[in-house]
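Me: Please take me slowly through the pockets and cavities of this model and the surroundings of its ligand. I am new to this structure, so a connected account would help most.

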Amino acid sequence: MGIERNWAGNLTYRASRLEHPSSIDELRSLLAQGGPVRLSGSRHSFNDLADTDGVLIALDALPPVFEVNEARDAVRVSGALRYGDVAPLLQAEGLALANLASLPHISIAGTVATGTHGSGDALGSLASAVRALTIITPAGETRTLTRGEDDFAGAVVSLGALGAVVDVTLDVEPTYDVAQHVFEHPDWDAILAQFDEVTGVGTSVSIFSTWQRTDIADQIWVKQRLPEAHEAARESLFERLGAEAAAGKRHPILGVDPVACTEQQGEAGPWSQRLPHFRLEFTPSAGAEIQSEYLVPRADAVAAIQAVRQLAGQIAPLLLVNEIRTVRADDLWLSSSYETDAVGIHFTWKPEEAAVRALLPAIEAALPPTARPHWGKVFTLDGAEVRSRYPRFDDFAALAARFDPERRLVNPYLERLGL
Ligand SMILES: Cc1cc2nc3c(=O)[nH]c(=O)nc-3n(C[C@H](O)[C@H](O)[C@H](O)COP(=O)(O)OP(=O)(O)OC[C@H]3O[C@@H](n4cnc5c(N)ncnc54)[C@H](O)[C@@H]3O)c2cc1C
């Protein structure tokens, strides 16, 4: 019998038990019991990546860690903490992270393990901020890996396949403010004709579309790090896109109350309250939904968006909203932006999983063969095909085999990938 559901409620975990060890020793003795095991974060993934037939372990009862280093350019934090827990502590220290995802509700270890990202031409995935991490292997050994060391680039986006990530050291920088503007009804042809200019107009840019219409998108959200507001460039670009500034606060999903969203209309605020679209104290996004996302190399982005646009008639009836974001390249083996600046084409679907799964093969076939599905969202691409899109996958498999020689962390999801 399943013990718990994921955040979206589309998955009941098959795990027989959910454990919350309150010390590292207790975590080690749970691991020592043998049998299949997986780690759970805040359970925001939409697929069975975190599931197991054995014991699911959540690290949220371990004593929290929050330690800023002497140089004040890094912070060591518990893997189980959420970005929304850490952000105010950093802000109180006058410090900041370079990037955040659309929501602050997700655990740091789960976020990093899946290559979760926000948006920004110059901003890497959240995993790219990891400087070091401490992993307890299934055999109970402690391994600390630091950027630059062998294995590190393979161990960050780990799919939970190496062990329990108990703490993570993240790059930090002095705090900064961000202002957020929303523009409505930009012309799609104009966006695609000057795509680099559109995504480069802010520190972080998101293009939202319901694909109810294919001539215009719904909204473009622009988050600009202050004081570099580039107001004139922004206004002139949006004029050329035929877009108008939103008259009030907006939610990405049309018709949903924007109370859950971070402040817009150019009101300056700290990084932690502008980079996410959603506020910690509210339900992010729609709540009842499923998500899919494919990341394509930047050079393939316009063709990929055009392919999705061609399928608008099939996509729109199931869609709550489509979001396009950008991610800077990194060197993390299983990152969806591994060695390529990437563009994420994300779908927030109505909670109709069977219909979504029936449609995904058409989308996956239309996208360029370079598209990498988000590890934590729903996709139907064959595991061998996914694996072939990661040049270092075999190295990752070898790394996982060294950390977990008894394959206790290998669940059906990882088996489908060929691990
Ligand atoms: C409303 C919503 C909005 C989202 N927005 C974004 C977005 O803006 N950008 C984006 O890229 N994604 C987004 N996602 C996807 C989400 O970021 C990922 O699914 C992410 O993995 C969630 O983290 P989690 O802690 O919930 O992970 P879980 O789903 O709990 O776990 C995911 C993976 O991490 C592993 N893991 C978790 N904790 C540990 C640990 N301590 N040690 C080892 N392995 C561990 C698990 O075993 C599993 O393999 C969104 C999801 C939702 C529900």
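Reply: On a 1 Å grid over the protein atoms alone, a pocket is an open set of points with protein on both sides within 12 Å along at least five of seven lines, whereas a cavity is a set where a 1.4 Å probe fits but cannot get out, and lining residues have an atom within 4 Å of a point. Points are joined across faces, edges and corners, and a volume is the space filled by probe spheres set on them.

The model is a predicted one, in which local features need pLDDT of at least 70 and side-chain atom pairs count only at pLDDT 80 or more, while totals for chains, interfaces and linings use all residues. Residues are numbered from 1 along each chain as its sequence is written, and side-chain values use heavy atoms, with hydrogens and water left out.

The second largest pocket has a volume of about 290 Å³. Its lining is made up of 17 residues, and those closest to the centre of this pocket are Ser272, Gln273, Arg279, Leu280 and Glu281. Sorted by class (Ala, Val, Leu, Ile, Met, Phe, Trp, Tyr, Cys and Pro are nonpolar, Asp, Glu, Lys and Arg charged, the others, with Gly, polar), this lining holds 8 nonpolar, 5 polar and 4 charged residues.

Turning to the closed spaces, the model has 3 cavities of 30 Å³ or more, and the largest cavity has a volume of about 50 Å³. Among the residues that line this largest cavity are Asn99, Leu100, Ala101, Ser102, Lys223, His277 and Arg325. Its lining divides into 3 nonpolar, 7 polar and 2 charged residues.

Two of these names come back at the ligand, where Arg325 is listed with Leu39, His44, Ser45 and Ser107 as coming nearest among the 36 residues around the ligand (those with a heavy atom within 4 Å of it), and where a polar backbone atom of Ser102 is 2.9 Å from an oxygen atom of the ligand. Such a polar contact is a pair of N or O atoms within 3.5 Å. In the side chain of Ser45, an N or O atom lies 2.7 Å from an oxygen atom of the ligand, while a nitrogen atom of the ligand is 2.7 Å from a backbone N or O atom of His117.

Within the shell around the ligand there are 15 nonpolar, 17 polar and 4 charged residues. At least two residues each are supplied by β2 (37–40), α3 (108–113) and β9 (164–171), and α3 gives the most, with 4 residues. The whole protein has 13 helices and 19 strands (DSSP runs of H or I with at least four residues, and of E with at least two, numbered from the N terminus).

Two details of the backbone can be added. Leu226 and Pro227 are joined by a cis peptide bond with omega of about 5°, and Pro227 belongs to the loop between β13 (219–225) and α7 (231–240). Gln265, although not a glycine, has a positive phi of about 50°, and Gln265 lies in the loop between β14 (244–245) and β15 (269–270).

Note on methods:
A polar contact is a pair of N or O atoms within 3.5 Å; within protein, one must be able to donate a hydrogen and the other to accept it, and residues adjacent in sequence count only if both atoms are side-chain atoms.
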